[in-house]
Amino acid sequence: MIVDSISVNKSFGGWHKQYRHHSSTLHCDMRFAIYLPPQASPINKVPVLYWLSGLTCTDENFMQKAGAQALAAELGIAIVAPDTSPRGDDVADDASYDLGQGASFYVNATQAPWNRHYQMYDYVVHELPRLIESIFPVTDKRAISGHSMGGHGALMIALRNPERYLSVSAFSPITNPMNCPWGKKAFTAYLGKDTAAWANYDASVLMRSAVQTVPALVEQGDADNFLAEQLTPEILVAAAKVSQYPLTLNYREGYDHSYYFVSSFMANHLRFHAKHLYKP
């Protein structure tokens, strides 16, 4: 597996690195960032937190705004942040911000023209971890987290793959995409009109029927402009009650949807993941 270096920056004794590689899953070049804490070495591999960003974002939003590196360095956790979608001149796109490039919703598209490139579920779950674990000094102990569309992706992926992740967390996640405007638009385009296919990518539906569990932490600001129409965390809470899922959801007074919110509680989430990633 070949990766091309884009940038390298020392940070809190570790290294923030950006790379480009060709994805055989997405049929295009992809970019990702990795933060390697100072403890990481060939003889001391560290666990990994995968971070999925939201609509319109790239790998840079989290790495530059979340303020995660200092505590990740202390805890000995690597962080990997992929881009939010396939990109390129020959990759299908849409003029709106909530569909196409930057808006993959982390699904495997089945509908043309999206199905050629938009296989982000397989990329995040399979191809990217294989690449990371083959090149960098990391273990196969994984956690996953994300924000907004990425929070949807993190929850959905962990719920579908409980054997692959030791913990999951999310900030302001789209919890029930089959029943919100963002999700209906994206799922119709990527997956078609059969809503039975949509349920495979809906965290609330998956959590309601979950048998295997992954410890889950969700953070939600109560001043979030998207709270009532797009995010609907109460539906996720109701689903967790049905299956007795180990979900903790915190409402935070006065916080909005921005990275001011994410950075305010990032340390809590890193400690939550560290507890599970380093569990004997």
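**Exercise 1. The largest pocket**

Find how many residues line the largest pocket of this predicted model, and which lie nearest its centre.

*Solution.*
Step 1. Take the lining: 14 residues surround the largest pocket.
Step 2. Go to the centre. L55, T56, C57, H147 and H257 lie nearest to it.
Step 3. Sort the lining by character. Six residues are nonpolar, seven are polar and one is charged.
Step 4. Add the volume. The largest pocket holds about 170 Å³ of space.

**Exercise 2. Cysteines and disulfides**

State how many disulfides the structure holds, then work out why C180 is not bonded to C57.

*Solution.*
Step 1. Count the disulfides: there are zero.
Step 2. Check C28. Its nearest cysteine sulfur belongs to C57 and is 18 Å away, and C28 is in no disulfide.
Step 3. Check C180. Its closest cysteine sulfur is also in C57, at 17 Å, so the gap is too far for a bond. A disulfide needs two cysteine sulfur atoms within 2.5 Å.
Step 4. Look at the surroundings. C28 is buried, with a relative accessible area of 6%. C180 is buried as well, at 1%.

**Exercise 3. Helix 10**

Describe how helix 10 starts, where it bends and which of its residues are buried.

*Solution.*
Step 1. Locate the helix: it covers residues 259–277.
Step 2. Inspect the N-terminal end. S258 caps it, with a side-chain oxygen 3.1 Å from the backbone nitrogen of Y260.
Step 3. Find the bend. A kink of about 45° is centred on F265.
Step 4. Collect the buried residues. Among them are Y259, V262, F265, M266, H269, L270, H273 and H276.
Step 5. Recall the geometry of a helix. An α-helix has 3.6 residues a turn, so residues three or four places apart point the same way.

**Exercise 4. Unusual backbone**

Identify the cis peptide bond, and decide whether F12 and Y106, each with a positive phi, are buried or exposed.

*Solution.*
Step 1. Start from the usual case. Most residues other than glycine have a negative phi, and most peptide bonds are trans.
Step 2. Find the cis bond. It joins A112 and P113, with omega about 0°. P113 sits in the loop between strand 5 (78–82) and helix 3 (120–135).
Step 3. Take F12. Its phi is about 50°, though it is not a glycine. F12 lies in the loop between strand 1 (4–11) and strand 2 (14–23).
Step 4. Take Y106. Its phi is about 55°, and it is not a glycine either. The loop between strand 5 and helix 3 holds Y106.
Step 5. Decide. Exposed means over 50% relative accessible area and buried means under 20%. F12 has 55%, so F12 is exposed. Y106 has 0%, so Y106 is buried.

**Exercise 5. Two more residues**

Place N61 and Y19 in the fold, and say what the side chain of N61 reaches.

*Solution.*
Step 1. Place N61: it belongs to helix 1 (residues 59–65). N61 is buried, with a relative accessible area of 18%.
Step 2. Follow its side chain. The side chain of N61 reaches the backbone nitrogen of T58 at 2.9 Å.
Step 3. Place Y19: it lies in strand 2. Y19 is buried, at 10% relative accessible area.
Step 4. Relate Y19 to H276. The two are 257 residues apart in sequence. In space, their C-alpha atoms are 28 Å apart. H276 is one of the buried residues of helix 10.

Notes:
Residues are numbered from 1 along each chain as its sequence is written. This is a predicted model: local features need pLDDT of at least 70, side-chain atom pairs count only at pLDDT 80 or more; totals for chains, interfaces and linings use all residues. Side-chain values use heavy atoms; hydrogens and water are left out. On a 1 Å grid over the protein atoms alone, a cavity is a set of points where a 1.4 Å probe fits but cannot get out, and a pocket is an open set with protein on both sides within 12 Å along at least five of seven lines; lining residues have an atom within 4 Å of a point. Grid points are joined across faces, edges and corners, and a volume is the space filled by probe spheres set on the points. Ala, Val, Leu, Ile, Met, Phe, Trp, Tyr, Cys and Pro count as nonpolar, Asp, Glu, Lys and Arg as charged, and the others, Gly among them, as polar. Buried means under 20% relative accessible area, exposed over 50%, partly exposed in between (1.4 Å probe, protein chains only). The bend at a residue is the angle between axes fitted to the seven residues ending there and the seven starting there. Helices (H or I, at least four residues) and strands (E, at least two) are DSSP runs, numbered from the N terminus. A polar contact is a pair of N or O atoms within 3.5 Å; within protein, one must be able to donate a hydrogen and the other to accept it, and residues adjacent in sequence count only if both atoms are side-chain atoms.
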